Amino acid sequence: MLTKTSFQGKLTKTENLFIPFIVAGDPSPEMTIAYALRLQEEGADILELGVPYSDPLADGPTIQRAAKRALNAGMSLRKAIELVPELRRHGVEIPVVIFTYYNPVLQIGHEEFFRMLEENGAEGVLIPDLPYEESEEVRNLAEASNIEFISLVAPNSDQRIKQIAEHARGFLYCVSTLGVTGERNEMSADALRFIKKVKEFSPVPVAVGFGISTNDHVKLVRDHADGVIIGSKIIRLIESNLESIEKGNSDEALDAFSKEIRTLVQ
Amino acid sequence: MLQVFPDVKGRFGDFGGKYVPETLMGPLQELESALDEAMEDPSFLEEYHHVLKEYAGRPTSLTYADKMTEKLGGAKVYLKREDLNHTGAHKLNNAIGQALLAKRMGKEKIIAETGAGQHGVASATVAAKFGLECKVFMGEEDIRRQELNVFRMKLLGAEVVSVSSGNGTLKDATNEAIRYWVANCEDHFYLIGSVVGPHPYPRMVRDFQRVIGDESKKQFRQMEQNDPDRIYACVGGGSNAMGMFYPFLEEKSELIGVEAAGKGIDTPEHAATLSKGTPGVIHGSLTYLMQDENGQITEPYSISAGLDYPGIGPEHAYLFKSKRVRYESITDEEALDALKLLTQTEGIIPAIETAHALAQAFKEAKEMSPEETILINLSGRGDKDMSTLMEHFQEEV
């Protein structure tokens with residue numbers, strides 16, 4: 001039985017979720033706001049707001065490049081969290097999940113980090129290099145602040161799948177294949193069996209990410225999971241717009257972006 | 001009495017742990033069980049020690065440096081000669097242990113990261129010896145700086161993968177090796193070269209390097225009927241130091257780790273992680289590291305590529321905090337002076353990494369009495385550093 005309300009009651013849907021990932025500050029905070037609005041218009045249910053990091057272990061070259069662009073533009077964990085009220089002011093209403101590596105969180109301090117999330121109105125947090133065994137304190141603080149701590153499961157999580165899934169909050173991020181983030185061409189039968197197993201244990205929607213890059217993927221995932229997470233493909237669309245934005249044609253670029261997203265998730 | 005570390009969570013006091021993406025938790029667990037089993041199996045340890053003896057040429061000598069002692073006029077100076085190990089440095093001890101473990105686990109492909117190329121060469125060597133396929137990840141900047149070692153690895157049959165992400169140095173090569181492992185962990189073994197990374201790596205590498213300290217203790221007691229008053233080793237990631245120090249942790253010897261101060265610890269160009277860094281997570285482990293105020297990891301600098309790493313093994317972080325080991329730092333200049341002094345006094349050309357330990361030891365030995373003794377881990381030989389040394393000393397020799 002799936003939990004009906006989550007993300008402070010802001011997410012009422014539990015299936016057919018579209019969860020895009022963008023990097024805060026790539027290529028600028030203003031464009032992040034513009035892209036978030038476009039994604040919301042195209043039906044995004046939750047926004048994963050990535051925080052750029054110097055050493056993103058779980059990410060492939062596409063997101064690494066995005067992180068580098070954002071870092072060069074001066075983005076940081078604090079500034080990314082402070083971008084949330086800006087997103088709201090411009091009309092982004094969907095829940096926002098702050099996606100950050102652990103070291104910047106550690107430097108801010110656990111308690112201050114959650115205080116900031118609460119104060120700035122983020123509804124969730126995802127820390128890809130903080131596995132279940134290392135996350136107890138952070139999970140407890142998230143619970144106390146009414147912020148969803150998003151967990152990940154992988155095809156090789158084996159016996160740990162049950163434990164992780166049963167403690168899942170918000171949605172459960174299902175890593176479809178081994179490897180880092182990036183686009184791939186197919187989904188294996190193994191991946192589908194794995195998704196089915198995760199769904200047996202999870203009290204929250206199960207969303208699939210890593211390698212989703214075509215409308216066929218999206219449809220396939222929709223048939224088997226509760227949501228689809230798209231990162232690298234979207235980053236690549238943003239990347240292909242860099243030049244026209246620099247030339248001052250951002251409206252045109254944003255329209256092209258919307259159209260691509262529509263085709264992708266229709 | 002010190003507690004036995006790491007504990008069940010892979011911690012050395014506050015440090016260590018497993019801060020890795022979920023996809024690596026499975027492979028790390030598999031590695032840990034295989035390691036525990038192997039270390040309990042007398043036939044595994046017997047094979048490891050057999051290869052160390054017959055192939056690597058161990059035990060390495062313990063040399064009393066009489067001329068150096070005379071010149072300094074203080075404590076008696078002893079050198080543990082890891083430069084005499086096959087491939088010219090302590091790195092091979094660990095590579096042999098992990099390659100044997102990889103074979104035992106049925107993994108036919110190994111990957112490794114390398115900075116200066118010493119660990120890459122050691123990995124390529126064991127891959128050739130044990131019939132494994134080997135990929136070495138190396139930053140493009142380091143590939144340029146270490147042409148000779150790149151060729152050595154290729155000659156040994158390894159593939160050298162150029163890493164252009166980040167700044168193209170050891171930190172980035174390690175990131176890329178981890179990423180590759182994440183995607184290929186089913187049939188690949190990741191052979192880490194230092195006491196860094198997620199649990200159980202810091203413990204495993206230490207246990208495959210403790211042969212340095214175990215041999216030294218036995219040899220020193222035979223020669224001096226005692227333990228050394230002070231023991232010195234250089235520290236980048238910290239494997240030669242951990243290997244030397246570990247068997248002495250419960251003895252009375254004072255232990256001194258020497259970091260690279262580069263152009264000085266008050267400049268931005270150094271690699272003195274414990275002197276100037278703060279706690280944080282790097283390459284899957286909670287330890288000290290060099291970072292900016294936003295928690296972004298910064299680039300270190302040292303003339304020696306082997307010490308040019310922004311983190312340090314978590315057990316060193318623990319030994320630093322608990323004050324069991326004293327950590328000092330030595331600049332490029334001081335290290336090069338010590339290198340030249342040892343070379344011309346004893347006829348031993350040490351690696352520039354090692355020269356950092358020598359510089360600190362020589363400074364202190366002068367102030368000690370002739371009844372006292374010091375032991376320096378001569379972690380590697382200087383052949384690989386010839387082009388750097390030529391640049392520096394050309395006019396003097």
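Salt bridges in chain B

Me: In this predicted model, where do B:Glu141 and B:Arg144 lie?
Reply: Helix α6 (residues 140–145) of chain B holds both B:Glu141 and B:Arg144, three residues apart, about one turn of the helix.

Me: What makes the contact of B:Glu141 and B:Arg144 a salt bridge?
Reply: The N to O distance between their side chains is 2.6 Å. The cut-off is 4 Å, so the pair counts as a salt bridge.

Me: Why is B:Glu141 called partly exposed, and why is B:Arg144 called exposed?
Reply: B:Glu141 has a relative accessible area of 28%, which falls between the 20% and 50% limits, so B:Glu141 is partly exposed. B:Arg144 has 57%; exposed means over 50%, so B:Arg144 is exposed.

Me: Why does the pair B:Arg203 and B:Asp207 count as a salt bridge?
Reply: The closest N and O atoms are 3.6 Å apart, and this is within 4 Å, so the definition is met. B:Arg203 and B:Asp207 are four residues apart in helix α9 (residues 201–209) of chain B, about one helical turn. Both residues are buried. A network of salt bridges links them with B:Asp36, B:Arg206 and B:Glu315.

Me: How do you know that B:Arg230 and B:Glu364 form a salt bridge?
Reply: Their side chains meet at 2.8 Å, N to O, which is within the 4 Å limit, so the pair qualifies. The pair links distant parts of the chain, with B:Arg230 in strand β9 (residues 230–234) and B:Glu364 in helix α15 (residues 352–365), 134 residues apart.

Me: Why is B:Glu364 called buried?
Reply: Its relative accessibility is 10%; buried means under 20%, so B:Glu364 is buried.

Note on methods: Residues numbered from 1 in each chain as written. Chains lettered and ligands numbered in written order. Predicted model: local features only at pLDDT ≥ 70, side-chain atom pairs only at ≥ 80, totals over all residues. Heavy atoms only, no water. Helix = DSSP H or I, 4+ residues; strand = E, 2+ residues; numbered from the N terminus. Buried < 20%, exposed > 50% of the residue type's maximum accessible area, 1.4 Å probe, protein only.
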